[in-house]
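Colleague: I'm new to this one and would like a close look at a single part. Could you walk me through it?

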Amino acid sequence: MAFESDSITKAIEEYFGQLLQDAAEGSILLRRKDVAAKFGCVPSQINYVLRSRFAPENGFLVESQRGGHGYIKIMHLTFNDVDEKISHLANLVGISVTDQEARRLLVNLQNRELISARERLLIEVALRNQDENSRTLFDVSPYKRDVMRAELLKKLLTGLTLQ
C-alpha cells in the first residue's frame, strides 16, 4: 500500500481518528512498526502524524516507547472539572508564547469547541502587538513581550473557562 506524502499523512490521521472513535475508553495502544507496515511507510512518518495532528493543543496526549517492544498510546483528553481544564490551558500556553503560537493555539481551542469563534477573535485583538498607528503596545524586549502575552492569554482563557 503506497501513498504520496500528503495523502499518507491524512490516511494515518484518519486511521488513528477512527480507532479512537471506536475505543470505549478514549485511548488506543498500537505498535509503531505495525502501523508503518500497514501504510507502507517509515516509522518517522508515524511520528510526524503524531506530532502534528495528535498534540496536546489538539486535545490529545501521546505516550511512546521505542524499541523492539515499543508502543504508541494515544489518549483523547477530557476534563473532569474546571480546574483540570484551566490547568491544561495554562500548560498549553506555558510561560512564554509568541503571537503566532498564540493564534495557532486559539484556532485549535476553537476547533475543539473549548472557545467560540467570537471569543477567539476577541482574545486575538486583546493580544495584538500593534495598535492602529503601528506602534508597539508592549514596549519591552521581545522575550518580556512573549511572557506578558502568555500571562494575559492565561488570564483571558481562565476567565472564559470560569463562566
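Which residues of helix α6 are buried?

Modeller: Keep in mind that this is a predicted model. Helix α6 covers residues 117-127, and its buried residues are Arg-120, Ile-123, Glu-124 and Leu-127. If you look down the axis of α6, those buried residues fall within an arc of 105 degrees, so they line one face of the helix. As for what lies over them, the cover includes α5 (99-111) and α7 (142-161). Now turn to the face of α6 that points away from the buried side: there you'll find the exposed residues Arg-118 and Val-125.

Glu-119 is worth a stop too. This residue also sits in helix α6, but Glu-119 counts as partly exposed because its relative accessible area is 22%, while buried would mean under 20%. The side chain of Glu-119 reaches the backbone nitrogen of Ser-116, at 2.8 Å. You can also pair up Glu-119 with Leu-160: they're 41 residues apart in sequence, yet their C-alpha atoms are 8.3 Å apart in space.

For some context away from the helix, have a look at the sheet. It's an open one with 3 strands in the order β1-β3-β2, paired antiparallel. β1 (27-30) and β2 (60-65) are at the edges with a single partner strand each, so each has one side without a neighbour in the sheet. From one strand to the next, the twist averages 10 degrees. Between β1 and β3 (residues 71-76) there are 4 bridges, and Ser-27 stands opposite Met-75 in β3.

Methods
Residues are numbered from 1 along each chain as its sequence is written. This is a predicted model: local features need pLDDT of at least 70, side-chain atom pairs count only at pLDDT 80 or more; totals for chains, interfaces and linings use all residues. Side-chain values use heavy atoms; hydrogens and water are left out. Two strands pair if DSSP finds at least two bridges between them. Helices (H or I, at least four residues) and strands (E, at least two) are DSSP runs, numbered from the N terminus. Axes are lines fitted to C-alpha atoms, for helices over the stretch in contact, and angles run from 0 to 180 degrees between N-to-C directions. Buried means under 20% relative accessible area, exposed over 50%, partly exposed in between (1.4 Å probe, protein chains only). The arc is that of the directions from the helix axis to the C-beta atoms. Contact means heavy atoms within 4.5 Å. A polar contact is a pair of N or O atoms within 3.5 Å; within protein, one must be able to donate a hydrogen and the other to accept it, and residues adjacent in sequence count only if both atoms are side-chain atoms.
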